[in-house]
2 protein chains.
Amino acid sequence: MPINSNLIPIPMNDFQTWVHAKQQRTEHALESTLPTPEIAPHILHEAMRYAVMGGGKRIRALLAYASAEFCGVPAEQADNAASAVELIHAYSLVHDDLPCMDDDDLRRGKPSCHKRFDEATALLVGDALQSLAFQIISQPIEGIEPDIQLKMVHLLATASGSRGMAGGQAIDLASIGKNLNQTELEHMHIHKTGALIRASALLGVYCSNQTNSQKIHAVDQFAQSIGLAFQVVDDILDNEADTKTLGKTAGKDAESNKPTYVTILGIVRAKELASELFNHAIEPLVQYGSESDRLIHLAKFITQRNF
Amino acid sequence: MPINSNLIPIPMNDFQTWVHAKQQRTEHALESTLPTPEIAPHILHEAMRYAVMGGGKRIRALLAYASAEFCGVPAEQADNAASAVELIHAYSLVHDDLPCMDDDDLRRGKPSCHKRFDEATALLVGDALQSLAFQIISQPIEGIEPDIQLKMVHLLATASGSRGMAGGQAIDLASIGKNLNQTELEHMHIHKTGALIRASALLGVYCSNQTNSQKIHAVDQFAQSIGLAFQVVDDILDNEADTKTLGKTAGKDAESNKPTYVTILGIVRAKELASELFNHAIEPLVQYGSESDRLIHLAKFITQRNF
């Protein structure tokens, strides 16, 4: 199915204002959640801030806020979920950059955490950020029932663990130098990035005290497709962009002999796939009319960034 | 205050039977919680089992079970808490053994996780074990109210994070080669090992749906003192035992210029301190008569192991 996202009217100014506001909101929430470096252990707290603040598009937080909004949840009720998914994401980047993993010196245009500090500190930063994510998502949140919040903790833990994000990373490591086909590559990404992206969107719905409704199934299909689309776009950007634009070492995956959507499908087909995934993502949402605008715009934002 | 633990009658056979039964129970619970290696990603799941199973005295699980029993909670209601604290402990050992941290090749008499597998796998094992701990402690547990269970998640996350265990590890790293005094050493251990030991005991009480009672304050004093005693004893064992008895590299801390209770206080005073901490631990419990027997015996078990 060819992409036809031009048919969907997007009031970009309004959406861009929303994105900017929610990014600011996320920065503020993270800022107030992270212990200040004045609190001991000082270097660890400084390094945690370094790893989390001042960078990133906060896609996962935006997904949480947008799906919360889709279910009529006020932003303040989704703040903890949005921060928690960003903390999990930030921890995964710090650990992924370590020498024993991707060995990347650059992240978001700055030295990666273990280069700015040291490996031991970066290891503990990741560990402590994961704990912090569970700390804030288990704090009492006004408007959310405790049994639903427990389900939120469980969803986030499952998405982060060996059958989610950490498992995807293990599959990724095992795939270096191997000739994966598209199905195997998809399997890896469904875990590595897809699980947390899906959790981000679903957590937004859980904030409305719903864990089983038509809307959650719509958001689930949306999130799973957009999670894959996100990775396809990442591979396209990695292939096309230079290091300065990307803020991390460009072409790294191809160079280290990691399979990507571009190496497997070629650039043209990879772009088509991103469009198809976009269409599949928004398909269950269009029936909701303007209620689903944010999510649809966000899908476009994710699949069309920088190209 | 000199130790006087001989005055407390301990029916050791009964206690040893209890310890053995609860250790077996913990092994079984962990066994059924860990994904089998038949499930992908296979190597990660194999390595997670390797890191968790077949070793360790399960002190933290025993503390959870004993304090649950102290509050009249059946063991099955404390299983998830007991497993969760052991998973957090196991993850911390895997990460602590990594070359960028303590660089230890041996753990519980076997090659440490990164030696048996590789560094990247060990990193992911630790990450995924932490997630798994939060996964199982957020599963609905019959008999525990959801709002109490949320508090359990929060307690465990706080105890694991930058102001708990991970923070203690950071303080430990920063202290290498420094002349700490007893207060500074205590500060480090209150975080590094004390926080999780305290959480283990408190979680047992939380399983009774109490988070604020006379009993919880008693368990809190008990757990904080026994947490420190545990470390003092560890330092004594590290100083006295050989590698074979210890199951990990003996004398490693002193060798790597890390301050220990023995290097700061000397062996005689360190043993006295362990006794004083034992007495302080059991002080608030004795009023409960036979109800607190398990906890008191456990305190003795912890402070008198192997010397």
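What follows is a friendly conversation about a predicted model of two chains, A and B.

Biologist: What makes chain A as compact as a globular protein of that length?

Modeller: Chain A holds 15 helices and two strands. Its radius of gyration is 19 Å, close to the 19 Å that the globule rule gives for 307 residues, so chain A is as compact as a globular protein of that length. Along the principal axes, its C-alpha atoms fill a box of roughly 50 × 50 × 35 Å. Of the 307 residues of chain A, 54% count as buried.

Biologist: Good, now to the pair. How do you know that the two copies are related as by a two-fold rotation axis?

Modeller: In general, two copies of a chain are related by a rotation about an axis and a shift along it. Here, a turn of 180 degrees and a shift of 0.0 Å along the axis lay chain A on chain B with an RMSD of 0.0 Å. The two copies are thus related as by a two-fold rotation axis.

Biologist: Which residue of chain A comes closest to that axis?

Modeller: That is P146(A), with its C-alpha at 2.7 Å from the rotation axis.

Biologist: Why do you say that the copies meet through the same surface?

Modeller: Because 100% of the interface residues of chain A are also interface residues in chain B, the copies meet through the same surface. The contact takes 42 residues from each side, chain A and chain B. On the chain A side, helix 2 (42-52), helix 6 (119-137), helix 7 (146-160) and helix 8 (165-175) each supply at least two residues. Helix 6 of chain A gives the most, with 11 residues. By class, this side of chain A has 23 nonpolar, 15 polar and four charged residues.

Biologist: Let's pick one residue. Why is L150(A) called buried?

Modeller: A residue needs 20 or more other C-beta atoms within 10 Å of its own to count as buried. L150(A) has 22, so it is buried.

Biologist: And where does L150(A) lie, and which residues of chain B does it touch?

Modeller: L150(A) sits in helix 7 of chain A. Leaving aside residues up to four places away in sequence, it touches S138(B), P146(B), Q149(B) and L150(B).

Biologist: Which residues have the most contacts inside the largest nonpolar core?

Modeller: They are L156(A) and L156(B), in a core of 200 residues. With residues up to four places away in sequence not counted, L156(A) touches A84(A), I88(A), A133(A), I137(A), A199(A) and L203(A).

Note on methods: Residues are numbered from 1 along each chain as its sequence is written. Chains are lettered from A and ligands numbered from 1 in the order in which they are written. This is a predicted model: local features need pLDDT of at least 70, side-chain atom pairs count only at pLDDT 80 or more; totals for chains, interfaces and linings use all residues. Two residues are in contact if their C-beta atoms, placed from the backbone, lie within 7 Å. Helices (H or I, at least four residues) and strands (E, at least two) are DSSP runs, numbered from the N terminus. Ala, Val, Leu, Ile, Met, Phe, Trp, Tyr, Cys and Pro count as nonpolar, Asp, Glu, Lys and Arg as charged, and the others, Gly among them, as polar. Copies are superposed by least squares on the C-alpha atoms of residues with pLDDT of at least 70 in both. A nonpolar core is a set of buried Ala, Val, Leu, Ile, Met, Phe, Trp, Tyr and Cys residues joined through C-beta atoms within 7 Å. A residue is buried if 20 or more other C-beta atoms lie within 10 Å of its own, exposed if 12 or fewer, and partly exposed in between; C-beta atoms are placed from the backbone. The radius of gyration is taken over C-alpha atoms; the globule rule is 2.2 Å times the number of residues to the power 0.38.
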